[in-house]
Amino acid sequence: MKERTRFSIGMGLICLFASGLLVAVLSSFSGGTLAHAQTARGAAQKQAGGEEETGPYDVASGWPQPLGHPGWTWGSQGGVFAETPNRIYIANRGELPIPEKAPEGYTGGYGAFGTPATNGKPRMEHCILVVDGNGKLLEDWTQWDHLFAGGRGPHHVKISPYDPEKHVWVVDDMVQQVFEFTHDGKQLVMTLGERLVQGQDDKHFGRPTDIAWLPDGTFFVSDGYVNTRVVKFDKNGKYLMAWGTKGKGPGQFDLPHSIDIDAQRRVYVADRSNSRIQIFDENGKYLSEWDNIRQPYHIMITADQHLWVADGVTNKFLKYDLNGKLLYSWGTYGSFPGAFWGVHQFSVDPEGNLYAAETFGGRTQKFTPKPGADPATLIGKPGKITQVSSR
């Protein structure tokens, strides 16, 4: 009986000691680690659910700012190009009248009315705009609105990464022309193609779509909805050559809609209606193709030599290595903030912010990288060509 009593007392002391130790430990947590753990657990509970629709990005609310034209909103967005975080060019296909009753939660995009922006009847005004990082209007190139009259507005806008003067290029498919402006938009430097005249020779286009450059200023135009070819020009706009015919075979096209060039000078063409990307050398020699990409609307090769695609059917961004292997994708369809309805062109500024112009949604959205986002999931900055011509 005495042994049992001693055992009970001993166990009681051990339990008391353990309890005291636990209290002491918990007390030490209360001012730091325990509070942190409780906060983290609370944050995790708040994050329950969701679909991660914007991938590794947060959508910038209220971007860009309203233009201040009562009764009108943005038209279909042909393109966007981010020169710097505070100088972003928007190719706006005119303005559309706002229906009398806007839907609840209307964010400014015409697609929110349930109708594609391409179905609206725009006034061809305010077609080339420059905004800052907050979406505030910096410049409105109204002096050039007349160039887009008779068409549906600008198709793409870009600046060559090799041009120290940073001239701005605008491709207009319906007007059948490509324009080169000075950086400030005050002068029209070059015009290629004959206004509203379609053709297949060295002086005409058949609804051109996009443009890409070599370091010496040589450039390629994807041409386009009708001509299904790629046209190569020297830096002065002199016709050099063209390749491509209508069809599904190697080197043939059905709507070459976007074009870019990798560091080894290989030319990538988004063969949109053939649901593929074709790769050529700089003289039009067919090299390979990547199939089963539903409708590549726009493509961009990044500095780390990956190719990103905006797919107009799935409304996703797709990341491929240069062997055509799919590495990552994100994005979803919709007209709510962060969703997409036909990304027609996208661009990334030097700080990694992403801009996406929607042809059907009728808006351009800005996305900022989420804190701690895996860099491999972010769309990188545009790349440059490093290989010297082998000619």
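Good morning, colleagues. I begin with Leu-287, which is found in strand E19, residues 286-291. The structure on display is a predicted model. Leu-287 counts as partly exposed, with a relative accessibility of 40%. Leaving aside neighbours within four places in sequence, Leu-287 is in contact with Arg-266, Ile-279, Phe-280 and Asp-281. The C-alpha atoms of Leu-287 and Pro-250 are 8.8 Å apart, although 37 residues separate the two in sequence.

Allow me to place that strand in its sheet. Strands E16, E17, E18 and E19 form an open sheet in that order, with antiparallel pairing. E16 and E19 stand at the edges with a single partner strand each, so one side of each is left without a neighbour in the sheet. From one strand to the next, the twist averages 20°.

I turn now to E17 within this sheet. How many of the residues of strand E17 are buried? Five of the five residues, 267-271, are buried, so the strand is largely enclosed by the rest of the structure. Val-267, Val-269 and Asp-271 point one way from E17, while Tyr-268 and Ala-270 point the other way, and all are buried.

Let us take the two partners of E17 in turn. On one side, strand E16, residues 256-261, runs antiparallel to E17 and is joined to it by five bridges. Here Ser-258 stands opposite Ala-270. The hairpin of E16 and E17 has five residues between the strands, and Arg-265 takes a positive phi near 70°.

On the other side, E17 pairs with strand E18, residues 276-280, in the antiparallel sense, again over five bridges. Ala-270, already mentioned, stands opposite Ile-277 in E18. E17 and E18 likewise form a hairpin, with four residues between them, and Ser-275 in the turn has a positive phi of about 55°.

Asp-271 deserves separate attention. This residue is found in strand E17, and its bridge partner in E18 is Arg-276. Is Asp-271 buried or exposed? Its relative accessible area is 0%, and Asp-271 is therefore classed as buried. Which side chain makes a polar contact with the side chain of Asp-271? The partner is Gln-278, at 3.1 Å. Beyond the neighbours within four places in sequence, the contacts of Asp-271 include Gln-252, Phe-253, Asp-254, Leu-255 and Pro-256. Arg-276, Ile-277, Gln-278 and Pro-296 are also in contact with Asp-271.

A second acidic residue, Glu-180, may be considered next. Glu-180 lies in strand E10, residues 177-181. Glu-180 is buried yet has no salt bridge. How far away is the nearest side chain of opposite charge? That side chain belongs to Lys-235 and is 11 Å away, whereas a salt bridge requires a separation within 4 Å. The side chain of Glu-180 does, however, have a polar contact of 2.7 Å with the side chain of His-167. Not counting residues up to four places away in sequence, Glu-180 touches His-167, Val-168 and Trp-169, together with Gln-187, Leu-188, Val-189 and Met-190.

The last individual residue is Gly-79, in strand E3, residues 77-84. Its relative accessibility is 0%, and so Gly-79 counts as buried. Where residues up to four places away in sequence are not counted, Gly-79 touches Tyr-89, Ile-90, Ala-91, His-155, Val-157, Gln-345 and Ala-357. Along the chain, Gly-79 and Ala-356 are 277 residues apart, yet their C-alpha atoms are separated by 8.0 Å.

I close with the protein as a whole. The protein has 391 residues, of which 50% count as buried. There are two helices and 26 strands. Among contacts with a separation of 6 or more, 52% are between residues 24 or more positions apart.

To recapitulate: Leu-287 in E19 is partly exposed, whereas Asp-271 in E17 is buried and has a relative accessible area of 0%. The side chain of Asp-271 has a polar contact with that of Gln-278, and the side chain of Glu-180 has one with that of His-167. Thank you for your attention.

Definitions and conventions. Residues are numbered from 1 along each chain as its sequence is written. This is a predicted model: local features need pLDDT of at least 70, side-chain atom pairs count only at pLDDT 80 or more; totals for chains, interfaces and linings use all residues. Side-chain values use heavy atoms; hydrogens and water are left out. Buried means under 20% relative accessible area, exposed over 50%, partly exposed in between (1.4 Å probe, protein chains only). Lys and Arg count as positive and Asp and Glu as negative; His and the chain ends are not counted. A polar contact is a pair of N or O atoms within 3.5 Å; within protein, one must be able to donate a hydrogen and the other to accept it, and residues adjacent in sequence count only if both atoms are side-chain atoms. Contact means heavy atoms within 4.5 Å. Two strands pair if DSSP finds at least two bridges between them. Axes are lines fitted to C-alpha atoms, for helices over the stretch in contact, and angles run from 0 to 180 degrees between N-to-C directions.
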